[in-house]
Amino acid sequence: MIRSRAHRPFFGDLRFVIGVALVIASVAGVWILVSTSRQTAPVLQATRTVLPGESISSADLQVVEVGLGSLGDSYLAPHSLESGAVAVRTLAAGELVPLAAVGDADDLRTTSVVIGSTAVPADVTSGAFVELWHAPPIEDGRAFEEPRILVADAVVARVAEEEGMLAGARTDVEVIVDRADVADVLAAITGGDAISIVPVGAGS
């Protein structure tokens with residue numbers, strides 16, 4: 001008498017069970033990811049370029065719905081905007097407002113100084129990132145030393161309007177610099193240094 005060989009039940013195969021579990025986990029993960037990406041939250045977006053030290057109000061912002069996932073708590077929500085808030089760094093027009101970019105006046109590490117220049121590049125406009133270069137005078141002031149960088153990361157706050165017959169002879173540019181650089185900038189101005197304002201990236 002020939003005995004038939006016993007077959008293991010198909011569903012008893014451990015590898016099959018593990019495979020099914022992995023497929024289910026994969027599908028569930030994709031579903032969670034898609035569901036999360038569809039969830040949006042209201043955050044504030046700058047409608048204009050806001051410079052360090054400028055106050056931020058609802059007139060400078062708009063509410064947008066975006067899906068940021070776990071990063072949502074890092075951005076300013078409409079209900080989180082407080083009276084007296086200021087920008088502690090430059091906010092570009094159209095940028096979502098990070099919480100770290102908003103504070104009060106006590107959080108500011110920058111201030112502004114006015115620099116007079118006889119040649120201001122066209123790229124030097126409000127909100128532009130610039131470098132300040134200076135060349136100290138030699139002896140009687142008829143010649144100058146080799147130019148060297150004075151401030152590597154300044155921001156233009158305002159360029160004075162040129163008016164009158166002598167317009168173009170001198171242009172005043174208000175720049176925002178770190179407070180730690182103020183003493184060096186003022187020393188360069190009072191010392192008669194030739195100061196140049198160079199847009200970041202110029203010549204690169």
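Tutor: Let's begin with a term. A pocket here is an open set of grid points where a 1.4 Å probe fits, with protein on both sides within 12 Å along at least five of seven lines; a residue lines the pocket if it has an atom within 4 Å of a point. Keep in mind that this is a predicted model.

Student: Thanks! Which residues lie nearest the centre of the largest pocket?

Tutor: They are P52, V88, R89, T110 and D153, out of 15 lining residues. The volume of this pocket is about 260 Å³. Two elements, β9 and β10, give two or more residues to the lining.

Student: Let me step back to the whole chain. How many helices and strands are there?

Tutor: The chain has two helices and 11 strands. Read from the N terminus, the order is α-β-β-β-β-β-β-β-β-β-β-α-β. Of the 204 residues, 26% are buried. Among contacts with a separation of 6 or more, 61% join residues 24 or more positions apart.

Student: Now helix α2. How should I read its two sides?

Tutor: The general idea is this: an α-helix has 3.6 residues a turn, so residues three or four places apart point the same way. In α2, which spans residues 182–190, the buried residues are V182, V185 and A188. These three lie on the same side of α2 because they cover an arc of only 130° around the axis. On the other side, A183 and T190 are exposed.

Student: What covers the buried residues of α2?

Tutor: The cover includes β5 (110–117), β6 (129–135), β9 (148–159), β10 (171–178) and β11 (194–199). After the helix, look at G192, which has a positive phi, near 80°.

Student: How do I go from that cover to a nonpolar core?

Tutor: A nonpolar core is built from buried residues such as Ala, Val, Leu and Ile that are joined through side-chain atoms within 4.5 Å. The largest one in this model has 18 residues, and V130, L132, V175 and V177 have the most contacts inside it. At least two of its residues come from each of β5, β6, β9, β10, α2 and β11. Strand β9 provides the largest share, four residues.

Student: Which residues is L132 in contact with, leaving aside neighbours within four places in sequence?

Tutor: Its partners are I115, R148, I149, L150, V151, A154, V175, V177, V185, S196 and I197. One of them, V185, is also among the buried residues of α2. Apart from this core lies another, of 10 residues, including V50, L76, A87 and A101.

Student: How do the strands pair around β9?

Tutor: Start with a general point: in a regular strand the side chains alternate between the two faces of the sheet. Here β9 pairs with β6 in the antiparallel sense, over five bridges, and W133 stands opposite I149 in β9. Strand β9 is also joined to β10 by four bridges, again antiparallel. There, V159 has V173 as its bridge partner in β10.

Student: Is T171, in strand β10, buried or exposed?

Tutor: T171 has a relative accessible area of 5%, so it is buried, under the 20% cut-off. The C-alpha atoms of T171 and V114 are 9.9 Å apart, although their positions lie 57 residues apart along the chain.

Student: And the loops? I'd like to compare T90 and A93.

Tutor: Both T90 and A93 sit in the loop between β3 and β4. T90, at 12% relative accessibility, counts as buried, while A93, at 47%, is partly exposed. Not counting residues up to four places away in sequence, T90 touches T49, V50, L51, P52, E95, F129 and V155. With neighbours within four places left aside, A93 is in contact with A46, T47, R48 and T49. From C-alpha to C-alpha, A93 and T47 are 5.1 Å apart, with 46 residues of sequence separation.

Student: One last loop residue: which residues is V124 in contact with beyond four places in sequence?

Tutor: V124 lies in the loop between β5 and β6 and is in contact with V130, V156, V159, V173, I197 and P199. Its relative accessible area is 4%, which makes V124 buried. Its C-alpha atom is 9.6 Å from that of V200, 76 residues apart along the chain.

Notes:
Residues numbered from 1 in each chain as written. Predicted model: local features only at pLDDT ≥ 70, side-chain atom pairs only at ≥ 80, totals over all residues. Heavy atoms only, no water. Buried < 20%, exposed > 50% of the residue type's maximum accessible area, 1.4 Å probe, protein only. Arc of directions from axis to C-beta. Contact = heavy atoms within 4.5 Å. Pairing = 2+ DSSP bridges. 1 Å grid on protein atoms, 1.4 Å probe; cavity = no way out; pocket = protein on both sides within 12 Å on 5 of 7 lines; lining within 4 Å. Points joined across faces, edges and corners; volume = space filled by probe spheres on them.
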